[in-house]
Amino acid sequence: MNIPQLTNYIAGVWTKPATKDDLAVVNPATGESLGRVPLSSVAEVDRAVEAASKAYREWRETPPADRIQPLFKFRRLLEEHQDRLARSITNECGKTYGEAVAEVRRAIENVEFACGIPSLMQGYNSEDIARGIDEMMIRQPLGVVAAITPFNFPAMVPLWFLPCAIACGNTFILKPSEKVPVTAWRFFELLEQTGLPPGVVNLVHGAKDSVDALLNHPAVRAVSFVGSSPVARYIYSRAAAAGKRAQCQGGAKNPVIVLPDADLEMTTQIVADSAFGCAGQRCLAASLAITVGEARQPFRESLAEAARVRVVGYGLDDGVQMGPVITPQSKERVEDLIGRGMGEGGSALVDGRNTRISGYEQGNFVRPTVLDGVPPAGTIARTEIFGPVVGLVHVQTIDDAIELVNASNYGNMACLFTSSGLAAREFRYKALAGNIGINLGVAAPMAYFPFGGMKESFFGDLHGQGRDAVDFYTEKKVVIERWPRHWSRKF
Ligand code: NAD
């Protein structure tokens, strides 16, 4: 598969941007070039906003039950093209084929959720708030909305937003990650076949300048962002200052607590899958394991063994359990952090640096790494590594463990492994994280629940997915009506 030059999709037309600026899209396992992605200019973004604004007038008046018909078609097309999309995800993002298929499934789930908009978008009313006066709340779309998405879920994260946004009657612009633009390009090819009117969905490739152009444009009413915390903070503040609605999901440093009464085998398996799945490049990857009391010794040994035996390689090859990290810079950064962790007193039970995979010498591979005894205030315990690295910290009580969880700057996910219902309740009650897992390692909310996040992991109040998404993509309008009897003709 060779794609020479990706194009934007604006007003229902595939457009080659006038800009000469572009970047190579590179398969992180093979180093092979997959094509070039344009870095769209301000003029190109303005064209997309204009197209979306124009389409909005008609789309907003299209009944919700009609607006979801193209989404039913889109769902079917995603099913039919699951294999092609999953291969595209593996090739540009590095995760294994199985992980890529799972991603497409989660993407489809969001389309299914949006197909329920006719009832999800209903308002409510009260008759006789005073004699002869009725009050109602109706939901209306906002207008043009945009999403800016990260590299690690090329299909799922854009589809956290697009289906719900358009089902609610908005028109939409996606600015996907410039590192993984091919999958978005492919699912836009499917969207093109659904009968959506031109301009309802638009795809604009680019990087910071394209994002800034969206933030600067007065017609963009709302911005959804997923990516690293510094960029989330930047986009949230710029959007808010411009009077836009914003929901910005940031980075993470996810702790898992292992109590002595946890099932060792199951816990090890789940924590290893969470930490090393997608090469640790998930915002819900476990990256700090806090063992309590006598859980320490058995867990460190079993986790180290799970790390050692994990099969690393190109995600389309049979039997591969973990792919590469996204770029050579990312590999270098992860390896530097492992070195720093060791310099700060952590000892490497398994050291994944300097990995070479035969036949894939150009790949950005880092094998699973387990660093024992990392200082709680040190780099490994506090930094988002975004690679297959777990730090182990040992404490004496569950309270000490929860205190550590809550001291983190991040609050995306926290998990507890235990067979005690009381401990689980204590944890759920006290832990400062937006997604909580009990005997689970990736507490990823279904499409009909909001994707949580606190502290540096989320800027905003209405989250992506679920009913929050419907609130985010609609304006609540309140109407109070009086129809005095003496005005009316008698019939
Ligand atoms: P990133 O912040 O580098 O990029 C995300 C998007 O922002 C891209 O589209 C990029 O083009 C754009 N961007 C980058 N720098 C920008 C700038 N200075 N100004 C304006 N726009 C800019 O993130 P990434 O490396 O693509 O993704 C990994 C990060 O995403 C990790 O921190 C991960 O935890 C986070 N993430 C969070 C969630 C969540 O739900 N909280 C989900 C997935 C990923």
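1. How do the residues of the lining of the largest pocket divide into nonpolar, polar and charged? The split is 21 nonpolar, 14 polar and seven charged. One thing to keep in mind as you look around: this is a predicted model.

2. Let's stay with that largest pocket for a moment. Its volume comes to about 860 Å³. Altogether 42 residues line the largest pocket, and P150, F151, K179, G227 and S228 are the closest to its centre. Try picking out those five in the viewer before you go on.

3. Next, where does the wall come from? Helix 7 (156-167), helix 9 (208-216), strand 10 (220-226), helix 10 (229-241) and helix 13 (328-343) are the elements that give two or more residues to the lining of the largest pocket. Helix 10 makes the largest share, with five residues. Both domains join in, too: domain 1 (8-250 + 457-478) and domain 2 (254-438) each put at least three residues into the lining of the largest pocket.

4. Now for the ligand. It has 29 residues around it, and the closest of them are K175, E178, S228, Q249 and E384. You've met S228 already, as one of the residues closest to the centre of the largest pocket.

5. Which atoms of the protein come up to the ligand's oxygens? Zoom in on three contacts. A polar side-chain atom of S228 sits 2.6 Å from an oxygen atom of the ligand. For T149 it is a polar backbone atom, 2.8 Å from a ligand oxygen. F151 also uses a polar backbone atom, this time 3.1 Å from an oxygen atom of the ligand. As for how covered the ligand is, it exposes 850 Å² when taken alone, and the protein buries 88% of that.

6. On to the second largest pocket, with a volume of about 300 Å³. It is lined by 18 residues, and R106, F153, R282, V442 and A444 are the closest to its centre. By class, you'll find eleven nonpolar, two polar and five charged residues in the lining of the second largest pocket.

7. Which helix supplies the largest share of the lining of the second largest pocket? That would be helix 5, with five residues. Helix 5 (97-114) and helix 7 each bring at least two residues to this lining. Helix 7 should ring a bell, since it is also listed for the largest pocket. Here again, domain 1 (8-250 + 457-478) and domain 2 (254-438) each provide at least three residues.

8. Pockets aside, what about the closed-off spaces? Rolling a probe the size of a water molecule over the atoms shows where empty space is left. The count comes to four cavities of 30 Å³ or more.

9. The largest cavity has a volume of about 80 Å³. Its lining includes A252, K253, N254, G280, R282 and E384. Two of those names are familiar: R282 is among the residues closest to the centre of the second largest pocket, and E384 is among those closest to the ligand. Sorted by class, the lining of the largest cavity has five nonpolar, four polar and three charged residues.

10. Last stop: the second largest cavity, which holds about 40 Å³ of space. Y9, G12, L191, E192, L196, P197, P198, G199 and V201 form its lining. They divide into six nonpolar, two polar and one charged. Which one is charged? Look along the list and you'll land on E192.

Notes: Residues numbered from 1 in each chain as written. Predicted model: local features only at pLDDT ≥ 70, side-chain atom pairs only at ≥ 80, totals over all residues. Heavy atoms only, no water. 1 Å grid on protein atoms, 1.4 Å probe; cavity = no way out; pocket = protein on both sides within 12 Å on 5 of 7 lines; lining within 4 Å. Points joined across faces, edges and corners; volume = space filled by probe spheres on them. Helix = DSSP H or I, 4+ residues; strand = E, 2+ residues; numbered from the N terminus. Nonpolar A, V, L, I, M, F, W, Y, C, P; charged D, E, K, R; others polar. Domains from an automatic or database assignment. Near = heavy atom within 4 Å. Polar contact = N/O pair within 3.5 Å; in protein donor to acceptor, adjacent residues only side chain to side chain. Areas by Shrake-Rupley, 256 points an atom, 1.4 Å probe, with all protein chains shown as cover.
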